[in-house]
Amino acid sequence: MISARMLDRTSAIRSSCFAIVVLVLLSSAQSSAQDTNAEILQTLAVSCLEPATRPHTSLTLRSDRMTQFLDHAIVRELRNHNVDLIVRDSPIAADSIGSPETEASLVYFVENVAIKYARSRRRHLDRSVTLDLGYLVLHRDGHVLADTSCSRTYADEIPRSYLDRIETASIPLTKGERPRRSWIRRYAEPVVVGAATAVAVY
């Protein structure tokens, strides 16, 4: 015969298991929702260039190999807004980027990317991503419509364990400046490890 105490214990175990499952699912959802540095830079680039692209229904985009991962987001955004788009896969001198096939031509370049991490609460870091772009827009007849630059910044907090997930090894621009360990951790950890080893040997 099952006692009331055993039933209570079984119920408590089930409740604990359910809580653990919920925490695991929440952690997994947060991990999958965490934007990578590449995705953030893409969003910032689209925001930067939006004023330059908004007036046009057709554009020629001059692409550069160094910024192809940004091109993907820009092209997607323009096509979502029904802009007729021609993509050239090599940059051309500024005085010859006018294209008769479209209303205007757009060439942009990365002036600066700054990705920094700073210590936050326990096991978390504050992340800041700054993108500076320069861009030039030429009418099909060659006269300059825009020649300027823009800057966008994004900031959030990330778990320290996500650092390797949010950076893309194949895209150097996504690598951030990691915080140095505090002097306490630099010197205390070897002492603790050494003491633990000495105890084990003894």
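This talk goes through the sheet, the core, the disulfide and some salt bridges of one structure, which is a predicted model.

I'll start with the sheet. There are five strands in an open sheet, ordered E2-E1-E3-E4-E5, and the pairing is mixed. The edge positions belong to E5 and to strand E2, residues 84-88; each of these has a single partner strand, so one side of each has no neighbour in the sheet. From one strand to the next, the twist averages 25 degrees.

Now to E4. On one side, E3 and E4 are antiparallel and share 15 bridges. On the other, E4 and E5 also run antiparallel, again with 15 bridges. Thr130 can be followed across: its bridge partner in E3 is Ala114, and its bridge partner in E5 is Thr153. Next to that, Leu131 is bridged to Arg152 of E5.

Both connections are hairpins. Between E3 and E4 there are four residues, and Arg123 in that hairpin has a positive phi near 65 degrees. The hairpin of E4 and E5 also has four residues between its strands, and in its turn Gly142 shows a positive phi of about 105 degrees.

How much of E4 is buried? Of its 16 residues, 13 are buried, which makes the strand mostly covered. Helix H2 packs on this sheet and touches E1, E3, E4 and E5, with its direction at about 35 degrees to that of E4.

That brings me to the core. The largest nonpolar core has 37 residues, and the members that touch the most others are Ile74, Tyr108, Leu133 and Tyr135. Two or more residues each come from several elements, including helix H2 (37-53), strand E3 (104-119), strand E4 (124-139) and strand E5 (144-159). H2 gives the largest share, nine residues.

What does Leu133 touch? Leaving out residues up to four places away in sequence, its contacts include Ala45, Cys48, Leu49, Tyr108, Phe109 and Cys150.

Two of those contacts are cysteines, and they are bonded to each other. Cys48 and Cys150 form a disulfide, with an S to S distance of 2.1 Å. The angle about the S-S bond is 135 degrees, and the link is right-handed. Cys48 sits in helix H2 and Cys150 in strand E5, 102 residues apart, so this pair links distant parts of the chain. Cys48 is buried at 1% relative accessible area, and Cys150 is buried at 12%. The disulfide count for the structure is one.

Last, the salt bridges. The structure has six. I'll take three of them.

In the sheet, Asp156 and Arg127 meet with N to O at 2.8 Å. Asp156 is in strand E5 and Arg127 in strand E4, 29 residues apart. Are these two residues buried or exposed? Asp156 has a relative accessible area of 19%, and because the cut-off for buried is under 20%, it counts as buried. Arg127 is buried too, at 1%.

Arg54 and Glu50 form another salt bridge, with their closest N and O atoms 2.9 Å apart. Here Arg54 is exposed at 55%, while Glu50 is partly exposed at 34%.

The third joins Glu167 and Arg178, at 3.0 Å N to O. Both lie in the loop between H4 and helix H5 (183-201), so the pair ties together parts 11 residues apart in sequence. Glu167 is buried at 11%, and Arg178 is partly exposed at 39%. Together with Asp164, these two residues are linked in a network of salt bridges.

How values were computed: Residues are numbered from 1 along each chain as its sequence is written. This is a predicted model: local features need pLDDT of at least 70, side-chain atom pairs count only at pLDDT 80 or more; totals for chains, interfaces and linings use all residues. Side-chain values use heavy atoms; hydrogens and water are left out. A nonpolar core is a set of buried Ala, Val, Leu, Ile, Met, Phe, Trp, Tyr and Cys residues joined through side-chain atoms within 4.5 Å. Buried means under 20% relative accessible area, exposed over 50%, partly exposed in between (1.4 Å probe, protein chains only). Contact means heavy atoms within 4.5 Å. Two strands pair if DSSP finds at least two bridges between them. Axes are lines fitted to C-alpha atoms, for helices over the stretch in contact, and angles run from 0 to 180 degrees between N-to-C directions. A disulfide is a pair of cysteine sulfur atoms within 2.5 Å. A salt bridge is a side-chain nitrogen of Lys or Arg within 4 Å of a carboxyl oxygen of Asp or Glu.
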